[in-house]
Amino acid sequence: MTESDPNEIRAGMQEMWEQAAPGWGRRATEIRDWGMPVSAWLIDHLRLQPGWRVLELAAGPGDTGFLAAELIQPGGTLISSDAAGAMLEVARARAQELNVSNVEFRQLDLEWIDLPTADVDAILCRWGLMLAVDPEAGAREARRVLRPGGRFALAVWDGPGENPWATIPTEALVAMGRAEPRAAGRSGMFALAVPGALTELLEGAGFLEVSVEAVALERAYPNVKAYLDETLDLSCAFSGVWSELSEDEQGEIERRIAALVEPYAAADGSFCVHGKSLVAVANA
């Protein structure tokens, strides 16, 4: 195998998300809260009905799907799925905490959804498809498992310039020579941010009446340390580099991050960094 072998890349991503799951579990309520504008948009545009069978792909802690679970009662079932078994355990614990009972948990890869054709009434996927090694395969699979007339609602991240909350830690690493600058067109969280890319992807998979919008988010922090702690919990890439730094180097990274967030900061040291997600809905 080589570094560009798709199966090797998939295995590396699988391992990364298995390792990241505990941090996402600790931060689940925060993720739910700052992501709510996007989750609400997805749920609203699915037009859910009681009795439906709904699939959430790349569910992470599962909270977006849990909003759907309430709306499809009585008689409806949510399938909360993720490729990482450890992340499913986080979602299962969240469901118990929130008393969500009409949910099944399935370990599913969104590039190959192990469900029958036309098996579900609706699909939602918040910030998962752009991370797939083959997003086209994921879109085709979503189209396959949807019943005729079913709806697919999904979210991906807009470009790096619209999401400084995500780029600032990496910028600090790059400035110290601890990370490579982001290459144009590189895969990852911004892979579907190019204008028209999401529409083209969905139409190419056979979806109809594709509609794409943008939803603004805000990430608020009381201080730089809180921001750094959250990044260490949620980003294996950042925490992996951080763990190899000396104490002095870690202090320098923190100072560089503080300088980068200064334009967003208030007098008391708190700050609010904006973000933007692209959201889409389409019919099968």
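# Labels and Cut-offs

Colleague: Let us start with Glu30. Where is Glu30 found?

Modeller: Glu30 is found in helix H2 (residues 28-34). The helix label is a DSSP run (H or I, at least four residues; strands are E, at least two), numbered from the N terminus.

Colleague: What kind of model is this?

Modeller: This is a predicted model, where local features need pLDDT of at least 70, side-chain atom pairs count only at pLDDT 80 or more, and totals for chains, interfaces and linings use all residues. Residues are numbered from 1 along each chain as its sequence is written, and side-chain values use heavy atoms, without hydrogens or water.

Colleague: What makes Glu30 partly exposed?

Modeller: Its relative accessible area is 33%. Buried means under 20%, exposed over 50%, and partly exposed in between (1.4 Å probe, protein chains only). So Glu30 falls in the middle class.

Colleague: How far from Glu30 is Glu230 in space?

Modeller: The C-alpha atoms of Glu30 and Glu230 are 9.6 Å apart. In sequence, 200 residues separate Glu30 from Glu230.

Colleague: Turn to Leu46, in helix H3. Why is Leu46 called buried?

Modeller: Leu46 has 0% relative accessibility. That value is under the buried limit, so the label follows.

Colleague: What does Leu46 contact beyond its neighbours in sequence?

Modeller: Contact means heavy atoms within 4.5 Å. With neighbours within four places left aside, Leu46 is in contact with Trp52, Ala122, Ile123, Leu124, Arg151, Phe152 and Ala153. The C-alpha atoms of Leu46 and Asp121 are separated by 9.5 Å. Along the chain, Leu46 and Asp121 are 75 residues apart.

Colleague: Val100 lies in a loop, between H5 and E3. How do you know whether Val100 is buried or exposed?

Modeller: Val100 has 16% relative accessibility. That also meets the buried cut-off, so Val100 counts as buried. Leaving aside neighbours within four places, Val100 is in contact with Phe66, Ala69 and Ala95. Val100 and Ala69 are 7.3 Å apart, C-alpha to C-alpha, with their places 31 residues apart in sequence.

Colleague: Now helix packing. Why are H1 and H5 called roughly parallel?

Modeller: Helix H1 (residues 6-26) and helix H5 (residues 85-98) pack at an angle of about 20°. Axes are lines fitted to C-alpha atoms, for helices over the stretch in contact, and angles run from 0 to 180 degrees between N-to-C directions. Under 35 degrees counts as roughly parallel, over 145 as roughly antiparallel, 65 to 115 as roughly perpendicular, the rest as oblique. So H1 and H5 are roughly parallel. Their axes are 7 Å apart.

Colleague: Which residues of H1 and H5 meet?

Modeller: Trp17, Glu18, Ala21, Trp24 and Gly25 supply the H1 side. On the H5 side are Gly85, Ala86, Met87 and Val90.

Colleague: What makes H9 and H11 roughly perpendicular?

Modeller: The axes of helix H9 (residues 224-234) and helix H11 (residues 247-261) cross at roughly 115°. That angle belongs to the perpendicular class, so H9 and H11 take that label. Their axes come within 10 Å. Val224, Lys225, Tyr227 and Leu228 in H9 meet Glu254, Ile257, Ala258 and Val261 in H11.

Colleague: How do you know that the buried residues of H8 line one face?

Modeller: In helix H8 (residues 197-204), Ala197, Leu198, Leu201 and Leu202 are buried. Seen down the axis of H8, they fall within an arc of 125°, so they line one face. The arc is that of the directions from the helix axis to the C-beta atoms. The face turned away carries the exposed residues Glu200 and Gly204. Cover for the buried residues includes helix H6 (135-145), strand E5 (146-157), strand E6 (208-221) and strand E7 (271-283).

Colleague: And the backbone? What is notable about the phi of Arg47?

Modeller: Most residues other than glycine have a negative phi, and most peptide bonds are trans. Arg47 is not a glycine, yet its phi is positive, about 55°. Arg47 sits in the loop between helix H3 (36-46) and strand E1 (53-57). At 55% relative accessible area, Arg47 passes the exposed cut-off.

Colleague: What makes Ala118 partly exposed?

Modeller: Its relative accessibility is 38%. That puts Ala118 in the in-between class. Phi of Ala118 is positive too, near 55°. Its place is the loop between strand E3 (103-107) and strand E4 (120-126).

Colleague: Which peptide bond is cis, and what is its omega?

Modeller: The bond from Gln73 to Pro74, with omega near -5°. Pro74 is in the loop between helix H4 (63-71) and strand E2 (77-82).
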